[in-house]
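The following exercises concern helix packing and charge pairing. Please work through each task before reading its solution.

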Amino acid sequence: MKIVTKNPQELLAVSYQDVLDNILMDLNNAEELLVDDPILTYSNTILNSPDDLQGVNQDLPHPADEYHYFRQSRFNYYALKATKARYYLWIGKTSDALENALVVIDALDSDEKSKFTLGSDADANNGQMTFPAEHIFAVSSTLATQTLTPVFFNYSTAYTQTVAYLDEAFEASLHTSDIRYRNSRLWENRIVPLASSAFNFFKKYNETGSTVTAVTDIPLIRLAEMYFIATECGRDDLFKVYRMARVLDASIDGTLTTPAAIKSRLEKEYRKEFYGEGQMFFFYKRLTYNSLAWPVTKEVPDASYKLPFPESQMSFE
């Protein structure tokens, strides 16, 4: 779409290449518009804490316009670079994907500290399982609790997972110190009333210290993904940095010897890292997986990756 219209006849299908060209045009235009993004001038700490500056630290560099705060949650310059990394990886231009991913990974504040940092054991221990320090782009939702409760939070949730399947997914026998999986941080084992066995309930979106309230910032792009993109594009040294942050067993470092081995390892890591964030669908689609091995073996025809047109775009009655 390049025009605003209510006429469904204007919703025309174009070629795949046209779609790619239009996406890149939008991203390049956005990069020009974001050349003076406040996130390039001020630290995330300052941008995320405007109240601290009210009569307290006015000497610290800070934006004069309140609209410029909270850039880490908006589509900022680094979110643009991260999206370009996704785009170039999708079309197979690995050198360009790596270049854009490294811009995000290597980003520094004016004090020379990293602008984005991989989630730590301390973050996980504090219940911050979406790892806010990794957020490159997020959406803030005041309706998060009422939206997520029927899916994840209570005993009538739409989704739980068995202990055995999760032990397999998180390679529990190998990675005994994984900061996400140990101490029931990401999953809570509960006995469901009238059920014959225990189930694990997903806790990524729980507000710190709460079992009934959701976080309001839902991540759309996180730093871990940039490390995965860099790994896939030849920088397996950066996978080691990621592995150390998650306290994964070092024995997997020596397994990234072929493209197939890297693909296999990243499938496992995407599954652990982005559970509940919707990333696996795009991983499988991009790499044309026709068979999934977890939690059970399942054949996936190509047609499964083609989403139907939304009805709201087909009729304006």
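**Exercise 1.** Describe how helix H3 (residues 77-90) and helix H8 (residues 223-232) cross in this predicted model.

*Solution.* Begin with the axes: those of H3 and H8 come within 11 Å and cross at roughly 35°. Next, assign the hand, which is left-handed for this crossing. Finally, list the residues in contact: H3 contributes Ala82, Ala85, Arg86 and Leu89, while H8 contributes Glu225, Met226, Ile229 and Glu232.

**Exercise 2.** Determine which parts of the chain are tied together by the salt bridge between glutamate 232 and arginine 286.

*Solution.* The closest N and O atoms of glutamate 232 and arginine 286 are 2.8 Å apart, which satisfies the 4 Å cut-off for a salt bridge. Glutamate 232 belongs to helix H8 and arginine 286 to helix H11 (residues 279-286), so the pair joins parts that are 54 residues apart in sequence. As for accessibility, glutamate 232 is partly exposed at 24%, whereas arginine 286 is buried at 16%.

**Exercise 3.** Establish whether arginine 246 is buried or exposed, and place its salt bridge with glutamate 273 in the chain.

*Solution.* Buried means under 20% relative accessible area. Arginine 246, at 0%, is therefore buried, and glutamate 273, at 2%, is also buried. Their closest N and O atoms are 2.9 Å apart. Arginine 246 lies in helix H9 (residues 236-246) and glutamate 273 in helix H10 (residues 259-273), 27 residues apart. Both residues also take part in a network of salt bridges, whose members include Glu134, Asp178 and Arg180.

Notes
Residues numbered from 1 in each chain as written. Predicted model: local features only at pLDDT ≥ 70, side-chain atom pairs only at ≥ 80, totals over all residues. Heavy atoms only, no water. Axes fitted to C-alpha atoms, helices over the stretch in contact; angles between N-to-C directions. Helix = DSSP H or I, 4+ residues; strand = E, 2+ residues; numbered from the N terminus. Left-handed = near helix turned anticlockwise from the far one by under 90°. Contact = heavy atoms within 4.5 Å. Salt bridge = Lys/Arg side-chain N within 4 Å of Asp/Glu carboxyl O. Buried < 20%, exposed > 50% of the residue type's maximum accessible area, 1.4 Å probe, protein only.
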